[in-house]
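Colleague: Could we go through this model together, starting with the whole fold and then turning to single residues?

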Amino acid sequence: MYEYTDFDEAFVRERVAEFRGQVERRLDGSLTEDEFKPLRLMNGLYLQLHAYMLRIAVPYGTLNGRQMRQFAYIADRWDRGYGHFTTRQNIQFNWPKLQDVPDMLEALADVQMHAMQTSGNCIRNVTADHFSGAATDEIADPRPTAELLRQWSTDHPEFTWLGRKFKIAVTGSEHDRAVIKAHDIGLRLVQDDDGNPGYEVLVGGGLGRTPMLGKVVREFLPKEHLLPYVEAILQVYNLIGRRDNKYKARIKILVHETGIDEIRRLVESTFQENLARFNGVNQEVFDRIEASFAAPEFEPVYDVTPAVDAGLRSWIDTNVADHREPHYAIVTISLKGIGETPGDATSDQMRIMAALAEEFAHDELRISHEQNVILPHVPRRHLAEIYRRLKDAGLATANIGLVSDIIACPGMDYCALATARSIPVAQKISETFADIDRQRDIGPLKIKISGCINACGHHHVGHIGILGLDRAGVENYQITLGGDGTETASIGERAGPGFAYDEIVPAVERLIEAYLDHRNEDTETFLEVYRRMGPAPFKAALYPEAEARSNAA
């Protein structure tokens, strides 16, 4: 993991002290809320529906046991004993008091963490594949790249006040677990024909009210040219991107309206200008960054005893992935217990996950964009003990990638922007499909739920996406079908009219029954059936009355 330098430490402490003064002036009335708003957003503090919300950066989703324990301490000391992990690999605390936030930030600084650039019109927390450094299909660990971009973008004077928020994701694997095509900039580590390292660069992806997939702007960018090229993209966007309408101020709209060919020409021209005055990344700095992400000292190879307990076997089958070292495994801890709030973890659960990382997994954890927690380096001989402890803590739900492993934003239970509830819908769906045998029969299925058009629940790239809207004061839920956030990314298609709150879960049941009726074999997934057959059989299941009228005519 990256360790703070003296400069990093001093920089974060100075920002905390600065914000402490700003909070004091807000509390004594010296600053109005309008004056305070941009200052608090720069430090990750939102004013939500019922209270403030503090969003903390977990850079590229990586943290250690001490940092997870500090989250637990913050949850108990200044919040309500839990935290919410998000699709941006962050954690949110939903109930802080304004006067306590500087102390919360000070506690974060004690463990080399902060909340800068988790909100506002800036370059947000850079995300990465949550299996980084462990995946069997990885070309190279993307986290050094993400850390370089984090350092470059933090308080960048040219990009602190962009037209809109800006998001970057990095993957080093063949299988895209970072949803790079749905980001303003997506980076995939590749090699040219001679084996030289570099990046495939995508630009113009994003969800929200106008979902779009990123387009390739550079097929191969040499590794050493990353910063001047990414800077060129930001410069072009900052200079000619729209600022007359916040809904059209994202780079995806610029790419759409200008065309990828012209964007490529502008970026390449600006890149050449940057390159002429760019001396390259200080090699000593970059070497230190890369050294921070060296693999742990793996245990020697040993024989692995097969699991015999049925519960353990089921959990291994769903929640454990292969590691690049065959006698190791990648463990995903589900934060999607049946009937629970997706992404929530209590302080006690955080301490248990921290202890497991420290004792059994080389003191490393990851947060995934799917709102789960990963132990990336686990010797297989420890799987049974890890499962036992997780089961005791209510964290052993064996549902990763299945129908109850639902992504959901906080929705109208917390968010001031939300137009409908997300959490209760996710809970009801997971309760409806609680039986693990039924879930395993259904197979891989991504359900993603957003409580408003901003799409924080990534519903556009769900196999089944659910968008909650307000229709004349009544919650109404639209369904999209066929979305995909992987390397075969696609934006889901709207199925038709929305459903009332009490109708949405039965509608999902009908969709899944239609899938089971139409699959050719047990291994054909929901997405594969949808791509083979199109929307017609699913629409017929969703709207049986319309189908009956059509047949009668």
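Modeller: Gladly; what follows is a set of questions and answers on this predicted model.

Colleague: Let's begin with the overall build. How many helices and strands are there in the protein?
Modeller: Both kinds of element are present in the protein. The count comes to 18 helices and 21 strands.

Colleague: And what is the radius of gyration of the protein?
Modeller: For 553 residues the globule rule gives 24 Å. The value for this protein is close to that, so it is as compact as a globular protein of that length. Along the principal axes, the C-alpha trace spans about 70 × 60 × 60 Å. The radius of gyration itself is 23 Å.

Colleague: What percentage of the residues count as buried?
Modeller: The cut-off here is under 20% relative accessible area. The accessible surface of the protein comes to about 22,300 Å², and 49% of that belongs to carbon and sulfur atoms. Of the 553 residues, the buried part is 61%.

Colleague: Now contacts between residues at least 6 apart in sequence: what percentage join residues at least 24 apart?
Modeller: Here we take the contacts in the protein that link residues at least 6 apart along the sequence, and ask how many of them reach at least 24 places. That share is 67%.

Colleague: How far apart are the mean positions of the positive and negative charges?
Modeller: The protein has 61 positive and 82 negative charges. Taking the mean position of each group, the separation is 5 Å.

Colleague: Let's turn to a helix. How many of the 15 residues of α6 are buried?
Modeller: Helix α6 covers residues 226-240 and reaches 22 Å from its first C-alpha to its last, close to the expected 21 Å. This helix is largely enclosed by the rest of the structure, because the buried residues number 13 of the 15.

Colleague: After α6 comes a loop with Arg243 in it. Which residues does Arg243 contact, leaving aside neighbours within four places in sequence?
Modeller: Arg243 sits in the loop between α6 and α7. Its C-alpha is 5.6 Å from that of Gly163, although the two are 80 residues apart along the chain. Gly163 is one of the contacts of Arg243, and the full list is Trp161, Leu162, Gly163 and Asn238.

Colleague: Is Ala354 buried or exposed?
Modeller: Ala354 belongs to helix α11, residues 347-360. Beyond four places in sequence, Ala354 touches Gly65, Met68 and Arg69. Its relative accessible area is 0%, so Ala354 is buried.

Colleague: Gln349 is in α11 as well. What is its relative accessible area?
Modeller: Gln349 touches Asp344, Ala393, Gly394 and Leu395, not counting residues up to four places away in sequence. Gln349 counts as buried, because buried means under 20%. Its relative accessible area is 15%.

Colleague: Some backbone angles caught my eye. What is the phi of Gln371?
Modeller: Gln371 lies in the loop between β14 and β15. At 1% relative accessibility, this residue counts as buried. Gln371 is not a glycine, yet its phi is positive, at about 70°.

Colleague: Ala472 also has a positive phi. Is Ala472 buried or exposed?
Modeller: The phi of Ala472 is near 55°, in a residue other than glycine. Ala472 is located in the loop between β18 and β19. With a relative accessibility of 82%, Ala472 counts as exposed.

Note on methods: Residues are numbered from 1 along each chain as its sequence is written. This is a predicted model: local features need pLDDT of at least 70, side-chain atom pairs count only at pLDDT 80 or more; totals for chains, interfaces and linings use all residues. Side-chain values use heavy atoms; hydrogens and water are left out. Helices (H or I, at least four residues) and strands (E, at least two) are DSSP runs, numbered from the N terminus. The radius of gyration is taken over C-alpha atoms; the globule rule is 2.2 Å times the number of residues to the power 0.38. Buried means under 20% relative accessible area, exposed over 50%, partly exposed in between (1.4 Å probe, protein chains only). Contact means heavy atoms within 4.5 Å. Accessible areas come from the Shrake-Rupley method with a 1.4 Å probe; for residues, only the protein chains shown count as cover. Lys and Arg count as positive and Asp and Glu as negative; His and the chain ends are not counted. The place of a charge is taken as NZ of Lys, CZ of Arg, CG of Asp or CD of Glu. The expected span of a helix is 1.5 Å times one less than its number of residues.
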